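Trainee: I would like to go through this chain with you, one point at a time.

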Amino acid sequence: MQKKFGLSGIGISDKTEVTDVPFTVYPNPSDGQLYYDFYLYKTSQVSLSIFDISGKIADRLSLGSLNSGKHIVKSICMLSPGVYICQLNTGDSISFVKLLISR
C-alpha cells in the first residue's frame, strides 16, 4: 500500500502531500453510477482512481486540466460489490474517500 497510496508505516510519505481538498463520492453505497464532487483551489491536472481493498487499481479516470472551482463528474463503473478507496489526485494534493459498491 505504500507505493499505491503514498503512505508509509510511520506516516505520510514526504513525496505526497495529503490535504483537505473537499472531495465526496455519492451515492455511497452505490450500484455503479457515481458522482465525484470536489473543489479545486487552482487550475490543476486531475485524475480519479479507484483501488480495491488489496490496493490494485480497479478503475481510473484522467480528467485533464480543470479550472479552479467546484466540479461534479458523473461516471458509471462496472465494479464488483465490495469496499473500494477513491483517490482524487490534483498534482499538488491527494484526497481519499471510502466507497461501498452493492448490487
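The questions below cover the elements, the sheets and the core.

Mentor: This is a predicted model, in which local features need pLDDT of at least 70 and side-chain atom pairs count only at pLDDT 80 or more, while totals for chains, interfaces and linings use all residues. Residues are numbered from 1 along each chain as its sequence is written, and side-chain values use heavy atoms, with hydrogens and water left out.

Trainee: How many helices and strands are in the chain?

Mentor: Helices (H or I, at least four residues) and strands (E, at least two) are DSSP runs, numbered from the N terminus. From that end, the elements run α-β-β-β-β-β-β-β-β-β. The count is 1 helix and 9 strands.

Trainee: Which strands stand at the edges of the sheet with the order 6-5-8-9?

Mentor: Two strands pair if DSSP finds at least two bridges between them. This open sheet has 4 strands with antiparallel pairing. Two of them have a single partner strand, so one side of each is left without a neighbour in the sheet. They are strand 6 (57-66) and strand 9.

Trainee: Which residue stands opposite phenylalanine 51 in strand 8?

Mentor: Strand 5 and strand 8 run antiparallel and are joined by 6 bridges. Opposite phenylalanine 51, strand 8 places isoleucine 85.

Trainee: What is the strand order of the open sheet of 3 strands?

Mentor: Its pairing is antiparallel, and strand 3 (23-26) and strand 7 (69-76) are the edge strands, each pairing on one side only. Strand 3 meets strand 4 (residues 33-40) over 4 bridges, with threonine 24 opposite aspartate 37. The order is 3-4-7.

Trainee: Which strand gives the most to the largest nonpolar core?

Mentor: Such a core is a set of buried (under 20% relative accessible area, 1.4 Å probe, protein chains only) Ala, Val, Leu, Ile, Met, Phe, Trp, Tyr and Cys residues joined through side-chain atoms within 4.5 Å. The largest one has 20 residues, and Phe23, Tyr36 and Ile50 are among those with the most contacts inside it. At least two core residues come from each of strand 3, strand 4, strand 5 (44-52), strand 8 (82-89) and strand 9 (94-101). With 4 residues, the top contributor is strand 4.

Trainee: What share of the contacts with a separation of 6 or more comes from residues 24 or more positions apart?

Mentor: Contact means heavy atoms within 4.5 Å. Isoleucine 50, for one, touches Leu34, Ile85 and Leu99, among others. For the chain, the share is 57%.

Note on methods
Buried means under 20% relative accessible area, exposed over 50%, partly exposed in between (1.4 Å probe, protein chains only). Lists of a residue's contacts leave out its neighbours within four places in sequence.
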